[in-house]
Amino acid sequence: MITLIGSKLAKEGEKFIYLGELEGCKDCKFKNLCHNLEVGRIYKIKSVRSTNHRCKIHLGGVKAVEVELSEIEAIIDSKKALEGLSFTYSPILCDNSDCENYKFCVPQGLVEGDKVRVEKVLERVECKNNLSLRKVILRLI
């Protein structure tokens, strides 16, 4: 998938969350190419094209980049932590936003009902709610 991103941000391997269209984009001739991603998803830049294009929003212009949906580090129930397993995602229900692991229990880029696959199983997680949890790398499918 090809999109445009600020030239200063356009680096192979970088990840970003697409936040949507800005007010200044409404009349831009590149609008459809810049805003062809899904809001709230995390993307990873696979390659960067060299040509720079002018932009009202990004100082230094924009560049065309090839992107893919990024893998996402998350915490899931240990029973689902099997490499290659596909399932319907639901976040760990926890109201302890001060917990060091909270951002992985409710990771950005995933929403309840997403179809995901476990790419890699990482470490066990100590949970103050006594849940059996593992940190994993997930990919949207």
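**Figure 1. S70 is a buried residue, with a relative accessible area of 1%.** The model shown here and in the other views is predicted. S70 is placed in a loop, and this loop runs between strand 4 and strand 5 (72-77). Leaving out residues up to four places away in sequence, S70 touches K15, I42, Y43, K44 and R139. Salt bridges that share partners are the topic of a later view, where K15, K44 and R139 return as members of one network.

**Figure 2. E38 and R41 form a salt bridge through their side chains.** The distance from N to O in this pair is 3.3 Å. How exposed is E38? Its relative accessible area is 44%, so E38 is partly exposed. R41, in contrast, is buried, with a relative accessible area of 9%. The pair is part of a wider set, as a search of the whole structure finds eleven salt bridges.

**Figure 3. A salt bridge joins the side chains of E66 and K46.** Here the N to O distance is 3.5 Å. Which strands do the two residues belong to? E66 lies in strand 4 (residues 62-69), while K46 lies in strand 3 (residues 42-53). The pair therefore ties together parts that are 20 residues apart in sequence. E66 has a relative accessibility of 28% and counts as partly exposed. K46 also counts as partly exposed, at 37% relative accessibility.

**Figure 4. R117 and E119 meet in a salt bridge.** Their side chains are 2.9 Å apart, taken from N to O. R117 is partly exposed, and its relative accessible area is 28%. E119 counts as partly exposed too, with 32% relative accessibility. Elsewhere, K15, K44, E71 and R139 are joined into one network by salt bridges that share partners.

**Figure 5. The structure has zero disulfides.** Why does C34 form no such bond? The closest cysteine sulfur to that of C34 is in C28, and the distance of 5.8 Å is too far for a bond. A disulfide needs the two sulfur atoms to be within 2.5 Å. C34 counts as buried, at 17% relative accessibility. A second case is C105, whose sulfur has its closest cysteine sulfur in C94. That distance is 5.9 Å, which is again too far for a bond. C105 is buried, and its relative accessible area is 6%.

**Figure 6. An open sheet is formed by four strands.** In what order do the strands lie? The order is 5-8-7-6, and the pairing is antiparallel. Strand 5 and strand 6 (86-88) are the edge strands, as each pairs on one side only. From one strand to the next, the twist averages 55°. In general, the strands of a sheet pair through backbone hydrogen bonds, and the pairing can be either parallel or antiparallel.

**Figure 7. Strand 6 is joined to strand 7 (residues 115-125) at one edge of the sheet.** How many bridges join these two strands? Three bridges do so, and the strands run antiparallel. F87 stands opposite V116, a residue of strand 7.

Note on methods: Residues numbered from 1 in each chain as written. Predicted model: local features only at pLDDT ≥ 70, side-chain atom pairs only at ≥ 80, totals over all residues. Heavy atoms only, no water. Salt bridge = Lys/Arg side-chain N within 4 Å of Asp/Glu carboxyl O. Buried < 20%, exposed > 50% of the residue type's maximum accessible area, 1.4 Å probe, protein only. Contact = heavy atoms within 4.5 Å. Pairing = 2+ DSSP bridges. Axes fitted to C-alpha atoms, helices over the stretch in contact; angles between N-to-C directions.
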